[in-house]
Amino acid sequence: MATAAASQVAFSAPVGSDRAVRSSGIQGTNSLSFSNKPWTGTALSCDSKAVAQRSHVRKVLCAAVQQSSKVSVVPLDLESAKEPPLNTYKPKGPYTATIVSVERAVGPNAPGETCHVVIDHGGNVPYWEGQSYGIIPPGENPKKPGNPQNVRLYSIASTRYGDSFDGKTASLCVRRAVYYDPETGKEDPSKNGVCSNFLCNSKPGDKIQLTGPSGKIMLLPETDPNATHIMIATGTGVAPYRGYLRRMFMEDVPNYRFGGLAWLFLGVANSDSLLYDEEFTSYLKQYPDNFRFDKALSREQKNKSGGKMYVQDKIEEYSDEIFKLLDGGAHIYFCGLKGMMPGIQDTLKKVAEQRGESWDQKLSQLKKNKQWHVEVY
């Protein structure tokens with residue numbers, strides 16, 4: 001069983017309490033409550049990357065990490081459902097939710113911008129880890145005049161309890177889609193991603209139209225709390241894994257005591273592009289026997305052939321171990337851009353052949369055993 005060194009403490013933190021600090025860009029102090037004992041601390045160091053991080057979420061994490069304990073969550077009746085909620089709100093009748101915060105989640109040298117978006121659903125749109133929400137951006141559907149925009153799906157990047165541990169919020173990890181004219185090299189706003197820019201430009205208090213939750217393929221199997229979970233992501237595909245890992249290592253969920261192995265492979269461009277790195281690094285320190293974290297930084301690392309290091313290269317590096325874990329019943333997950341899959345599949349096929357196995361047969365067996373989980377976009 002994964003255990004932390006210190007005793008458990010009750011934890012509460014008001015959502016949006018640091019809104020003035022966020023909007024000013026100035027680091028300040030925060031006051032949190034552990035049971036009935038006030039705890040006051042400062043935000044982490046004010047370097048360029050720290051300023052770029054989410055202040056509210058970072059303070060919550062900082063408190064949890066410094067206490068080396070799991071965080072109490074409510075309401076626990078979110079554990080009582082036997083089946084995951086599905087399509088509680090549909091496109092023709094979406095739920096009107098409220099933006100809590102939108103914060104840059106990457107450092108200044110990351111190519112492009114990725115935002116951590118916290119949404120208040122008031123507890124009315126519950127979900128399970130690994131599911132997605134649909135967002136309907138404002139405006140008219142350009143292909144169907146007079147109709148609303150199409151729904152855009154986003155993997156949820158929080159547990160069912162949300163970043164405030166009260167079951168009333170959900171978080172999304174959104175990369176701003178920007179189009180640059182190949183001839184001029186200049187941004188063409190008319191071709192930018194409608195929904196990603198809407199979300200990244202949103203302000204606290206803004207209303208958004210929400211559908212879902214949807215999806216069952218990426219649900220975290222919990223029948224065996226000692227199972228092995230191998231999670232492979234590129235970029236914002238790390239979103240569902242953040243939910244898994246918070247449930248495994250950060251939250252005190254009475255009916256789920258994780259004692260297995262969680263192994264995360266994350267591929268991004270460079271160090272400044274790493275998402276939720278502080279959270280993941282804290283788990284490494286607290287649960288070294290239960291968590292592994294391997295990064296593929298394509299612009300900073302080289303693979304064994306001297307080329308750029310992509311996530312499939314990391315998989316190949318540990319291929320023998322991964323195959324042995326799969327043979328032992330491990331679950332393997334893939335989430336990110338669909339372009340990641342051909343390279344990964346080629347690598348797995350090559351390794352299987354080197355082991356004298358048929359990859360097609362092995363893949364068929366993994367799917368049959370429900371060990372293979374893919375969500376790409």
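## Helix H5

In this predicted model, the buried residues of H5 include Ala239, Pro240, Tyr241 and Arg242. Gly243, Tyr244, Leu245 and Arg246 are also among them. So are Arg247, Met248, Phe249 and Met250. The helix is mostly covered: twelve of its twelve residues are buried.

H5 runs over residues 239-250. Its twelve residues should span 16 Å at 1.5 Å a residue. The end C-alpha atoms are 16 Å apart, so the length agrees with the expected span.

An α-helix has 3.6 residues a turn, so residues three or four places apart point the same way. In H5, burial takes in twelve of twelve residues.

## Cysteines

How many disulfides does a search of the whole structure find? The search finds zero. A disulfide would be a covalent bond between the sulfur atoms of two cysteines. The cut-off applied here is a sulfur pair within 2.5 Å.

Why does Cys115 form no such bond? The closest cysteine sulfur to that of Cys115 belongs to Cys200, and it is 3.2 Å away, too far for a bond. Cys115 is buried, at 2% relative accessibility. Cys335 is in no disulfide either. Its nearest cysteine sulfur is that of Cys173, 9.9 Å away. Cys335 is buried too, with a relative accessible area of 0%.

## Cis peptide bonds

Val74 and Pro75 are joined by a cis peptide bond, with omega near -10 degrees. Pro75 sits in a loop. That loop lies between strand E4 (71-72) and strand E5 (95-104).

Another cis bond links Gly212 to Pro213. Its omega is about 0 degrees. Where does Pro213 lie? Pro213 is in strand E10, which covers residues 207-214.

## Positive phi angles

Asn87 is not a glycine, yet its phi is positive, about 50 degrees. The residue is placed in the loop between E4 and E5. Pro75 lies in the loop between these strands as well. Asn87 is partly exposed, with a relative accessible area of 38%.

Lys370 also has a positive phi without being a glycine. The angle is about 60 degrees. Lys370 is found between helix H10 (359-368) and strand E16 (372-376), in the loop there. Is Lys370 buried or exposed? Lys370 counts as exposed, because its relative accessibility is 64%.

Notes: Residues numbered from 1 in each chain as written. Predicted model: local features only at pLDDT ≥ 70, side-chain atom pairs only at ≥ 80, totals over all residues. Heavy atoms only, no water. Buried < 20%, exposed > 50% of the residue type's maximum accessible area, 1.4 Å probe, protein only. Helix = DSSP H or I, 4+ residues; strand = E, 2+ residues; numbered from the N terminus. Expected span 1.5 Å × (residues − 1).
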